[in-house]
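User: I would like to work through this structure by short questions with reasoned answers. Please give the cut-offs for each term when it comes up.

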Amino acid sequence: MRTKKTFGDISWYAGACLIALVTVYPLLWMVATSLKPEKEIFSNSLSLLSKNFSMNNYKDVFDTIPFLRYFINSMVLAVSGVVTNVFLGALAGYSYAKLKFSGRKLSFAILLSSMMIPGIVTMIPQFLVLKYFPLVGGNNIFGQGGRGFINNYAAIILPGAVGAFAVFFMKQFFETLPDDLAEAARVDGCSEFKIFWKIYLPLIKPAAMTLGIMTFQSGWNAFMWPMIVLNSKEMMTIQVGLSTFQYQYNTSYGPLMAGTVIATLPTLLLFVFAQKYYIQGIAFTGSK
Amino acid sequence: MKDKNRIMRKQNLIGRLFVAPPVLLFLIFTLLPMAMAIGLSFTDYDIINAPKFSGLHNFKKMIHDEFFWIALRNTCYYTVLYVPLGLLLSLGTALFLNSERRMVGLFRTLFYLPVLSSSVATATLWFWILNPQLGLLNGILGIFGIDGPAWLYDSKLAMLSIVMMSLWAGFGGNMMIFLSGLKGIPGTYYEAAKVEGAGRLQRFRYITMPSLTKTTFLVSTMLIIGTFQVFDQAFVLTKGGPGNATITLVYYIYNNGFNNLNMGYASAISLVLFLIIVTMTIINQKINKAEI
């Protein structure tokens with residue numbers, strides 16, 4: 001009996017190490033390539049180690065393309081997305097969970113149903129709406145004459161300011177809190193916003209963190225939509241910049257891997273420092 | 001009483017104010033575009049000139065458009081391979097990790113790591129991994145004496161390579177969802193089954209599987225909706241090549257809409273894609289219902 005158990009353990013750990021090798025080794029190899037001089041990339045491509053590790057490839061990326069600018073663009077967009085989604089999502093989620101108003105059920109059902117519409121269907125018209133938005137980016141009142149929101153941060157921030165998911169997610173957490181917290185404050189003449197901001201919001205901080213992290217990750221990693229609406233050289237995001245770099249310099253593997261490492265670093269670091277919020281987010285997705 | 005009325009009236013106003021941002025954004029950036037997509041499908045529109053009504057022309061054109069069918073076939077090929085393999089891999093690893101052994105948490109984290117990279121970063125890394133001469137994959141195959149193929153440069157293997165990469169990059173996320181589903185099954189079920197003399201396989205078939213129906217449905221639905229919209233990987237890795245082997249429907253819509261400025265035609269294809277996704281989701285729902 002005992003040996004059977006040990007054998008089971010050994011094969012489990014062997015299997016686990018093997019799978020971990022498949023998932024982790026390519027990532028280590030990516031880092032190793034990014035640190036190798038070009039000669040070694042071609043002569044000794046498979047090895048994880050090198051005698052001449054250097055940061056030259058990283059320097060190359062920033063010298064060849066405006067990678068720092070791309071990084072900043074992505075950071076601005078991802079962080080704005082986090083702020084607007086968490087704040088506006090919490091506000092609306094709180095309202096759906098705790099306030100009584102007409103049109104509550106209907107508007108929530110409509111919001112929920114919008115989660116079922118695949119992004120690709122609305123992609124082209126959304127582009128047109130942004131391009132012909134009246135009175136912005138040189139457009140006149142009929143939306144003619146300028147470029148509207150195209151090549152402006154707003155082209156990403158505005159349509160994605162608060163998604164149905166953020167509202168739905170926050171509503172679930174506010175619903176777990178008791179109603180009578182607000183009663184006393186209301187009698188004292190506290191404003192509804194203050195009740196939300198001072199009493200309820202602090203109680204769901206972990207959920208807000210989870211939503212923030214999920215929003216950051218999807219904002220940082222977004223590709224197709226940013227490529228369509230931010231296409232001028234100085235407005236590109238890091239993902240779009242990396243993909244054009246890959247297209248133009250597709251044999252400079254060293255700088256290419258250095259760029260990939262940089263593009264992955266923020267989400268990786270966030271994961272390392274906030275793992276428990278990740279797990280919560282996934283558990284929520286699974287219980288929908 | 002009067003006070004209560006005042007509070008109610010105020011709440012009615014404030015409540016609507018608080019939900020106004022998502023509702024307004026929905027109207028401007030989902031509902032309006034949805035209506036526009038339907039409208040544009042029946043027009044000829046190149047952005048420069050005003051849309052011209054063209055009836056069913058776009059849909060007739062689609063039927064005779066060789067590239068539309070190639071893109072549809074490629075997308076189906078990707079879906080047929082990726083959805084079942086993705087389900088098996090994420091369920092398999094979740095069952096594997098659903099153990100009381102030490103260091104399970106560490107392995108869970110390590111399995112999950114590839115999910116954190118963006119699709120572009122993953123594709124760039126795999127562009128290097130799949131390099132025929134210097135890449136990691138052919139290097140490892142070489143150790144076992146296998147002469148690895150040209151992967152991305154072979155029209156028969158290019159889509160398979162993209163499937164392989166997507167599996168590597170994506171299984172961890174669904175594995176986590178399955179794991180949280182497995183943790184939700186009460187241990188007493190298994191104990192009771194053990195007492196009744198049910199074996200390992202029986203316990204899996206009659207307890208684990210039925211308890212995971214909801215999770216399986218959720219994961220498979222998300223997989224299907226995602227795979228029919230596959231774009232990033234094909235765009236970065238192969239630019240649709242070689243020989244159109246990796247042109248997907250979304251890629252074709254993108255090309256038509258933003259490179260050739262056939263916005264009307266692109267909208268018509270996106271509408272067809274929408275109907276395909278809805279149909280597949282319903283079929284998936286029926287299959288999952290039948291299993292209960």
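User: Over residues 149–169 of chain A, how much of the chain is helix?

Analyst: This is a predicted model, in which local features need pLDDT of at least 70, side-chain atom pairs count only at pLDDT 80 or more, and totals for chains, interfaces and linings use all residues. Residues are numbered from 1 along each chain as its sequence is written, with chains lettered from A and ligands numbered from 1 in the order written. Helices (H or I, at least four residues) and strands (E, at least two) are DSSP runs numbered from the N terminus. Over residues 149–169 of chain A the end C-alpha atoms are 29 Å apart and strand accounts for 0%, while the helix share is 48%.

User: How far apart are the end C-alpha atoms over residues 253–274 of chain A?

Analyst: The unreviewed UniProt entry places "transmembrane region" at several stretches of chain A, including 149–169 and 253–274; such positions are in the numbering used here, with feature names shortened and annotations possibly inferred rather than shown by experiment. Residues 253–274 of chain A are 95% helix and 0% strand. The end C-alpha atoms of that span are separated by 31 Å.

User: Which helix of chain A gives the largest share of the side of domain 1 that touches domain 2?

Analyst: An automatic or database assignment sets the domain bounds, giving domain 1 (1–54) and domain 2 (65–286) in chain A. The contact (C-beta atoms, placed from the backbone, within 7 Å) takes seven residues from domain 1 of chain A and six residues from domain 2 of chain A. Helix 1 (2–35) and helix 2 (38–43) of chain A each supply at least two residues of the domain 1 side. The largest share, four residues, comes from helix 1 of chain A.

User: Of the eight residues of helix 9 of chain A, what number is buried?

Analyst: A residue is buried if 20 or more other C-beta atoms, placed from the backbone, lie within 10 Å of its own, exposed if 12 or fewer, and partly exposed in between. Just after helix 9 of chain A, A:Gly189 has a positive phi of about 85°. Helix 9 (residues 180–187) of chain A lies largely in the open, because its count of buried residues is zero.

User: What is the radius of gyration of chain B?

Analyst: Chain B has 13 helices and two strands. The globule rule (2.2 Å times the number of residues to the power 0.38, set against a radius taken over C-alpha atoms) gives 19 Å for 292 residues. Along its principal axes the C-alpha trace of chain B spans about 80 × 70 × 35 Å. Chain B is more spread out than a compact globule, because its radius of gyration is well over the rule, at 25 Å.

User: Which helix of chain B gives the most to the side that touches chain A?

Analyst: The contact takes 69 residues from chain B and 71 residues from chain A. The chain B side divides into 47 nonpolar (Ala, Val, Leu, Ile, Met, Phe, Trp, Tyr, Cys, Pro), four charged (Asp, Glu, Lys, Arg) and 18 polar, meaning the others, Gly among them. With 23 residues, the element that gives the most is helix 1 (residues 2–40) of chain B.

User: How far apart are the end C-alpha atoms of residues 212–231 of chain B?

Analyst: Residues 212–231 are one of the chain B stretches that the unreviewed UniProt entry lists as "transmembrane region". The span is 75% helix and 0% strand. Its end C-alpha atoms lie apart by 30 Å.

Technical notes. Two residues are in contact if their C-beta atoms, placed from the backbone, lie within 7 Å.
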